[in-house]
Amino acid sequence: MSSTSLWYATRASGIVALVLLTLTMVLGLATTSRIRARHWPGFAQQELHRRISILAVVFVAIHVLTSILDTYVHIGWLAIIVPFASPYSRFWVGMGTVALDLMVAVALSSALRQRISPRTWRAIHWVAYGSWPLAMAHALGEGTDGFKLWMDVLAGLCTVAVGAALGWRIVEHRTSSERARRVGAGTRAVPDRSAAPPAPPGWPAGGSRSGRRQPSATDLLTKDRP
Ligand code: HEM
């Protein structure tokens, strides 16, 4: 593969990875805020979030590999995991490396979810959301297309999507904290939207055959709820 082809592949895969990372963020925040399309089951949204995040990792892997194999600039294999180790564009490539490290951390912690405490998993998951602004800074600071209009429009759309999802999450968090405070104070019984629906006749309460409900990713991320 020629250096020019690798360069195009780096740019294309980087942009696809950034869009997929944005979708991962938006779906993750929407799931924890319990925003859902009508007739769209919660588990389907969670599954979509998981699958898109895996796809994002695949595109980041292609992006990184092609950028290292492109000998026009020297980045070096170490720069894949060690931040600011690249002789070429140390700072902006370093931002990309930190974003990648955070993505790897969340992928590993999710793979080991049964073995680590929910608290640790949750903490890693929240920190990992930091990968998005770092990847965005890296893309605009490092990318050839950073100053092109279409790239700025794309970056703007991604930022608006993440900003809206984050804003909704904050509002939802405040509302549920307020509800918890009111219920705690015993002023008024407020219906709990997060409660499981009543089990159908013949089924154990909680919805699983064992009768015990496993905590879902949403449960772990929304532990602050009443
Ligand atoms: C979450 C991780 C990452 C994402 C989402 C990402 C995304 C992007 C995007 C969108 C661009 C701009 C492409 C363009 O202007 O057309 C870019 C550029 C670039 N990235 Fe990444 N990147 C990530 C991590 C990394 C890492 C770890 C490295 C290297 C070790 C790297 C190397 C590069 C290079 C060399 C460019 C410049 C390509 C050019 O000449 O335009 N990236 N990246």
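This is a short tour of the ligand site in a predicted model. Residues are numbered from 1 along each chain as its sequence is written. Local features need pLDDT of at least 70, side-chain atom pairs count only at pLDDT 80 or more, and totals for chains, interfaces and linings use all residues, while side-chain values use heavy atoms, with hydrogens and water left out.

Start by selecting the ligand and its shell, taking residues with a heavy atom within 4 Å of it. You should get 23 residues, with Trp-7, His-63, His-138, Thr-144 and Asp-145 the closest.

Next, zoom in on the iron atom of the ligand. Its protein donors (N, O or S atoms within 2.8 Å of the metal) are NE2 of His-63 and NE2 of His-138, at 1.9 to 2.0 Å. This pair links distant parts of the chain: His-63 belongs to helix H2 and His-138 to helix H5, 75 residues apart. Helices here are DSSP runs (H or I) of at least four residues, numbered from the N terminus.

Now show the polar contacts, pairs of N or O atoms within 3.5 Å. A polar side-chain atom of Asp-145 is 2.3 Å from a ligand oxygen, and one of Thr-144 is 2.5 Å from a ligand oxygen. For His-63, the partner is a ligand nitrogen, 2.7 Å away.

Finally, colour by helix. Helices H1 (3–32), H2 (42–69), H3 (90–111) and H5 (131–142) each give two or more residues to the shell. Which helix gives the most? That is H3, with 6 residues.

Methods:
A polar contact is a pair of N or O atoms within 3.5 Å; within protein, one must be able to donate a hydrogen and the other to accept it, and residues adjacent in sequence count only if both atoms are side-chain atoms. Donors are N, O and S atoms within 2.8 Å of the metal (3.2 Å for Na, K and Ca); water is not among the atoms, so sites may look incomplete.
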